[in-house]
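Here's a quick look through the structure below, taken piece by piece. Have the viewer open while you read.

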Number of protein chains: 2
Amino acid sequence: MSRTIDPFTAVPKYFQLASILRQKIEDGEWAPRSPIPSERQLEVLYNISRTTIREAIDSLVQQGYLYREHGRGTFVSPQKLQKGWMDLTSFSEDLVKRGMKPGQIIRSLERVEPPPRVLQRLELPLGSTVYRIERVRLGDGTPIGLQTSYLALAPGQEITQQEMEATGSLYRILNEKFHIIPTEADETLEVTIATPEEAALLEVATGAPLLLNERLLFSQDRRPVEYVKILYRGDRYQYFVHLKR
Amino acid sequence: MSRTIDPFTAVPKYFQLASILRQKIEDGEWAPRSPIPSERQLEVLYNISRTTIREAIDSLVQQGYLYREHGRGTFVSPQKLQKGWMDLTSFSEDLVKRGMKPGQIIRSLERVEPPPRVLQRLELPLGSTVYRIERVRLGDGTPIGLQTSYLALAPGQEITQQEMEATGSLYRILNEKFHIIPTEADETLEVTIATPEEAALLEVATGAPLLLNERLLFSQDRRPVEYVKILYRGDRYQYFVHLKR
DNA sequence: TAATGTAACTGGTAGTGACCACATTACCAA
DNA sequence: TTGGTAATGTGGTCACTACCAGTTACATTA
């Protein structure tokens with residue numbers, strides 16, 4: 001891990017500095033609620049202008065690593081060890097955190113013409129086709145959720161079952177293969193009752209209470225990318241979000 | 001509505017500019033996905049340095065009003081008309097958006113010694129007292145949710161029933177009276193079953209499915225401020241979040 | 001002793017000037 | 001027509017400078 005700034009690399013200095021500072025925080029070198037060196041001290045320490053220092057600190061404040069107090073200093077946030085929200089809404093990571101082994105059964109993976117409601121959400125013209133992925137999500141081998149994803153991929157942009165099984169993460173495929181970086185999402189949650197079909201797949205009684213989670217994912221430029229509907233077993237799942245403003 | 005920058009006010013120029021730009025976006029003066037004037041043009045238009053221009057634009061990008069494209073320009077985000085998340089997690093605002101009239105019955109409002117689990121969440125020593133507010137939330141006059149808030153207020157920091165009824169918003173009181181600005185929150189949602197007492201208050205059958213929402217609110221410096229538990233009627237409530245990363 | 005004021009910190013705001021990296025366009029040559 | 005290329009306009013990065021606005025500690029004063 002670099003402890004000094006390399007002025008010759010293509011990596012911006014503010015980014016390098018932010019990495020160095022983040023490292024010190026994560027290593028526990030700076031304790032929570034303790035002040036980091038003042039901006040003018042950092043100026044001397046790393047031989048960087050205050051403009052750049054502030055840019056680095058700004059980004060860490062934004063990410064929740066630091067907080068500022070006018071006239072007093074900049075302090076280390078008591079960290080909750082949480083990564084970005086994408087990790088948290090990633091089903092697999094989520095389960096691992098709860099000490100369960102994630103798994104999935106891919107029920108279907110194909111290009112389809114979805115219900116008009118889905119097209120409307122994805123802001124696509126009527127008659128468009130999208131990629132649909134139906135999965136049963138497992139925790140320690142037993143069903144936990146029933147997930148249907150609709151991806152706004154142009155014809156020609158395809159995902160194979162091998163890719164899904166190899167990476168396991170749909171978001172990694174979106175990122176690496178199609179250069180789509182999800183940045184925002186709208187989610188709703190409500191309670192519903194299991195239909196006979198859903199009950200069978202989730203191995204619960206018909207009429208059992210379920211948690212219904214719908215998500216609309218947006219990319220960098222705010223274009224809708226994915227519409228997902230997930231039905232969770234009410235007795236085996238707890239939804240978690242971390243909100244920042 | 002200020003359409004020009006006042007250099008003499010205490011309000012920072014970047015903030016004034018951000019307000020002006022936000023206004024133009026909200027008024028629809030600039031269409032979604034259309035470019036706003038370039039940073040160099042704004043420099044001339046408002047007689048402000050590019051440093052300040054960028055600071056204003058940065059904040060609007062952060063808030064989701066604009067997005068940048070390197071080499072092309074800065075563009076208006078297709079807005080979903082959503083304010084900050086605090087407004088959305090505010091029960092009243094939430095209901096209004098759905099076309100219902102919000103209401104509440106304050107069942108109790110007092111300083112108590114809460115269960116140890118609550119103290120632990122609020123990072124307070126055993127034996128501490130907190131402010132507890134129990135409310136029934138109404139939509140169009142009928143019960144929708146059962147809310148219990150625990151506030152980490154020091155003895156002496158009190159809230160009166162009149163204040164609660166006058167402002168209606170707990171967060172406004174926190175902000176204006178105690179200068180506490182909530183900036184982050186952890187929330188969980190899960191499905192539960194109504195106990196007889198809960199069923200009576202919510203006017204549903206015992207055993208009816210409910211949506212249980214727990215929230216831990218943090219202030220600027222990441223100190224836990226409020227722990228809330230809300231039980232929603234499963235048939236009358238849908239939880240909504242907007243996520244950014 | 002207690003009040004107070006001031007100096008020396010902290011982060012916050014703002015301007016200027018320079019150069020880099022990327023995208024688009026117009027134009028020219030093959 | 002095609003393909004390269006240079007000009008130009010965009011946001012991205014960085015340095016240096018100046019002053020404002022809170023906070024704190026300590027010396028001074030009443």
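## Where two helices meet

In this predicted model, start with a helix pair in chain B. On the H2(B) side, the residues making the contact are B:Glu39, B:Leu42 and B:Glu43, and they meet B:Arg50, B:Ile53 and B:Arg54 in H3(B). Sort the residues of this H2(B)–H3(B) contact by class and you get 4 charged and 2 nonpolar, with no polar ones.

As for the geometry, H2 of chain B covers residues 39-46 and H3 of chain B covers residues 50-62; their axes come within 9 Å and cross at roughly 110 degrees. Since angles from 65 to 115 degrees count as roughly perpendicular, that crossing makes H2(B) roughly perpendicular to H3(B). As for handedness, H2(B) passes H3(B) in a right-handed crossing.

## Chain A in outline

Over to chain A, which has 9 helices and 9 strands. Run the principal axes through its C-alpha trace and the spans come out at about 65 × 40 × 30 Å.

How much of chain A is buried? Of its 245 residues, 27% are. On the contact side, take the pairs in chain A that sit at least 6 apart in sequence: 56% of those contacts join residues at least 24 apart.

## How the two copies are related

Chain A can be superposed on chain B by a rotation of 180 degrees with 0.0 Å of shift along the axis, at an RMSD of 0.5 Å. The two copies are therefore related as by a two-fold rotation axis. If you want a landmark for that axis in chain A, go to A:Pro209: its C-alpha is the nearest one, 3.0 Å away.

## The contact between the chains

Which surfaces do the copies use to meet? They meet through the same surface, because 100% of the interface residues of chain A are also interface residues in chain B. The headcount is 29 residues from chain A and 30 residues from chain B.

On the chain A side, several elements each chip in at least two residues: helix H4 (85-89) and strands E6 (182-193), E7 (209-219) and E9 (239-244). E6(A) gives the largest share, with 9 residues. By class, the side of chain A that touches chain B has 13 nonpolar residues, along with 8 polar and 8 charged.

Terms used. Residues are numbered from 1 along each chain as its sequence is written. Chains are lettered from A and ligands numbered from 1 in the order in which they are written. This is a predicted model: local features need pLDDT of at least 70, side-chain atom pairs count only at pLDDT 80 or more; totals for chains, interfaces and linings use all residues. Axes are lines fitted to C-alpha atoms, for helices over the stretch in contact, and angles run from 0 to 180 degrees between N-to-C directions. Helices (H or I, at least four residues) and strands (E, at least two) are DSSP runs, numbered from the N terminus. Angles under 35 degrees count as roughly parallel, over 145 as roughly antiparallel, 65 to 115 as roughly perpendicular and the rest as oblique. A crossing is left-handed if the near helix is turned anticlockwise from the far one by less than a right angle, and right-handed if clockwise. Two residues are in contact if their C-beta atoms, placed from the backbone, lie within 7 Å. Ala, Val, Leu, Ile, Met, Phe, Trp, Tyr, Cys and Pro count as nonpolar, Asp, Glu, Lys and Arg as charged, and the others, Gly among them, as polar. A residue is buried if 20 or more other C-beta atoms lie within 10 Å of its own, exposed if 12 or fewer, and partly exposed in between; C-beta atoms are placed from the backbone. Copies are superposed by least squares on the C-alpha atoms of residues with pLDDT of at least 70 in both.
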